[in-house]
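This briefing covers a histidine and its surroundings, the nonpolar cores and the cysteines. Look at the structure first, then read the points below.

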Amino acid sequence: MKSFCETEWLDFGYRSDWPVAQNFHSHIRYEVYYFHSGVCTYLIGDRIYNLSPGDLILMNGMTLHCAKIDPNVPYVRSVIHFDPTSLQPYLALPHGVPFLQPFRQFANYRLSLRGPEKEEAEALLERMYRHGAAGGEVGRSRMQLAFVDLLNFIYDRCRQPLQSLPELRSEKERTV
């Protein structure tokens, strides 16, 4: 295990390799899950994902989910749980983008990052880790800013799929 950083609204496990309970769970926070290595089948609701290094999963947290891993192969992942309401000040910045939209519209979604995109995502996670490990007020602040940068990176990769979603007509349809 590399690191676990925690603030009042964000929990971050970087390159975690500790054993995982392979049971379904849910939580109220949103989740960003990045798969570094191992053999893992990820179950989210009624969907099954066979993961490859560079796969990044967005989850709203409330959908039951579970990682099924091969215990004979080191399982390395980075996981971020966060409270989306705490990000409102960042969304209100001039020229801000709606980086929480993929979590809200998709609820759960996999991005398969390869090449330069994979390298950039890993660099952003490493920067979060480095700033969080530095500690103190400035370290935590820089970790949070690096996380907002990661969310912007994710949003940029989700823009095309978001635009192809059909518009829902009523509040009832959006709830369903």
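Leaving aside neighbours within four places in sequence, H36 is in contact (heavy atoms within 4.5 Å) with R15, P53, V76, R77, S78, E122 and L125. This is a predicted model, in which local features need pLDDT of at least 70 and side-chain atom pairs count only at pLDDT 80 or more, while totals for chains, interfaces and linings use all residues. Residues are numbered from 1 along each chain as its sequence is written, and side-chain values use heavy atoms, with hydrogens and water left out.

**H36**
- H36 is found in strand β3 (strands are DSSP runs of E, at least two residues, numbered from the N terminus).
- With a relative accessible area of 8%, H36 is buried (under 20% relative accessible area, 1.4 Å probe, protein chains only).
- The side chains of H36 and R15 are joined by a polar contact of 3.0 Å; such a contact is a pair of N or O atoms within 3.5 Å, and within protein one must be able to donate a hydrogen and the other to accept it, with residues adjacent in sequence counting only if both atoms are side-chain atoms.

**Nonpolar cores**
- The largest nonpolar core has 34 residues; a core is a set of buried Ala, Val, Leu, Ile, Met, Phe, Trp, Tyr and Cys residues joined through side-chain atoms within 4.5 Å.
- A second, separate core of 13 residues includes Y33, I57, M59 and Y75.

**Cysteines**
- The structure holds zero disulfides (pairs of cysteine sulfur atoms within 2.5 Å).
- The closest cysteine sulfur to that of C40 is in C66, 8.5 Å away, too far for a bond.

Definitions and conventions
Buried means under 20% relative accessible area, exposed over 50%, partly exposed in between (1.4 Å probe, protein chains only). Helices (H or I, at least four residues) and strands (E, at least two) are DSSP runs, numbered from the N terminus.
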